[in-house]
Amino acid sequence: MVKISIIIPSYNNEKFLPECIESVLVQTFTDFELIIVEGGSKDNSIKIIQKYVEMDNRIHVIIHPY
């Protein structure tokens with residue numbers, strides 16, 4: 001069981017999403033899960049999120065269409 005859950009809401013923020021996710025992944029504390037709640041974006045946010053999900057098993061996505 002992880003010690004910390006970090007939740008990032010996402011909606012049409014492809015411009016800032018990679019920097020946001022990277023800022024979490026580079027932390028020295030590694031016992032966490034990153035949950036990204038995607039709210040039905042019309043941009044490429046979900047593609048960016050899927051790329052990170054494939055790279056790191058600590059990242060989980062919840063897709064909640066608006």
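# A guided tour, beginning at isoleucine 49

Select isoleucine 49 first: this residue is buried, with a relative accessible area of 0%. The model on display is a predicted one, and every value quoted along the way is computed from it.

**Stop 1: the surroundings of isoleucine 49.** Isoleucine 49 belongs to helix 2. Display its side chain together with those of Ser10, Leu17, Ile36, Glu38 and Val61; isoleucine 49 touches each of these, residues up to four places away in sequence not being counted. Next, add proline 18 to the selection. Along the chain, 31 residues separate isoleucine 49 from proline 18, while their C-alpha atoms are 8.2 Å apart.

**Stop 2: the whole chain.** Now zoom out and show the protein chain as a cartoon. What order of elements appears along the sequence? The pattern is β-α-β-α-β, made up of two helices and three strands. The C-alpha atoms fill a box of roughly 35 × 20 × 15 Å along the principal axes. The radius of gyration is 11 Å, which agrees with the value near 11 Å for a compact globule of 66 residues.

Contacts that link distant parts of the sequence can be considered at this scale. Among contacts with a separation of 6 or more, 78% join residues 24 or more positions apart. Of the 66 residues, 35% count as buried. If a surface is drawn, the exposed area is about 4700 Å², of which carbon and sulfur atoms supply 58%. Colouring by charge picks out 6 positive and 9 negative charges, whose mean positions lie 2 Å apart.

**Stop 3: the loop after strand 1.** Select asparagine 12, which is located in the loop between strand 1 (4-10) and helix 1 (17-25). What is the sign of phi at asparagine 12? Phi is positive there, at about 50°, although the residue is not a glycine. Most residues other than glycine have a negative phi. Asparagine 12 is partly exposed, and its relative accessible area is 34%.

**Stop 4: helix 1.** Continue along the chain to helix 1 and select its buried residues, Leu17, Ile21, Val24 and Leu25. Turn the view to look down the helix axis: these buried residues fall within an arc of 100°, so they line one face of the helix. In an α-helix, residues three or four places apart point the same way, because there are 3.6 residues a turn. The buried residues of helix 1 pack against strand 1, strand 2 (32-38), helix 2 (45-55) and strand 3 (59-63).

Within helix 1, centre the view on valine 24. Is valine 24 buried or exposed? Valine 24 is buried, at a relative accessible area of 11%. Its contacts, leaving aside neighbours within four places in sequence, are with Ile6, Ile8, Phe32 and Leu34. For one of these, leucine 34, a distance may be displayed: the C-alpha atoms of valine 24 and leucine 34 are 8.0 Å apart, with the two positions ten residues apart in sequence numbering.

**Stop 5: helix 2.** Return to helix 2 and select Ser45, Ile48, Ile49 and Tyr52, which are buried. Viewed down the helix axis, the buried residues of helix 2 fall within an arc of 95°, so they line one face. The face turned away from that buried side carries the exposed residues Lys47 and Glu54. On the buried side, the packing partners are strand 1, helix 1, strand 2 and strand 3.

Isoleucine 48, also in helix 2, deserves a selection of its own. This residue counts as buried at 17% relative accessibility, since buried means under 20% relative accessible area. Which residues does isoleucine 48 touch, not counting those up to four places away in sequence? They are Glu14, Leu17 and Pro18. A further distance can be drawn to serine 23, which is 25 residues from isoleucine 48 along the chain; the C-alpha atoms are separated by 15 Å.

**Stop 6: strand 3.** The last selection is valine 61, found in strand 3. Valine 61 is partly exposed, with a relative accessible area of 33%. Apart from its neighbours within four places in sequence, valine 61 is in contact with Ile36, Glu38, Ile46, Ile49 and Val53. Draw a line from valine 61 to proline 18: the two are 43 residues apart along the chain, and their C-alpha atoms are separated by 14 Å. The contact between valine 61 and Ile49 leads back to the starting point of the tour.

Terms used:
Residues are numbered from 1 along each chain as its sequence is written. This is a predicted model: local features need pLDDT of at least 70, side-chain atom pairs count only at pLDDT 80 or more; totals for chains, interfaces and linings use all residues. Side-chain values use heavy atoms; hydrogens and water are left out. Helices (H or I, at least four residues) and strands (E, at least two) are DSSP runs, numbered from the N terminus. The radius of gyration is taken over C-alpha atoms; the globule rule is 2.2 Å times the number of residues to the power 0.38. Buried means under 20% relative accessible area, exposed over 50%, partly exposed in between (1.4 Å probe, protein chains only). Contact means heavy atoms within 4.5 Å. Accessible areas come from the Shrake-Rupley method with a 1.4 Å probe; for residues, only the protein chains shown count as cover. Lys and Arg count as positive and Asp and Glu as negative; His and the chain ends are not counted. The place of a charge is taken as NZ of Lys, CZ of Arg, CG of Asp or CD of Glu. The arc is that of the directions from the helix axis to the C-beta atoms.
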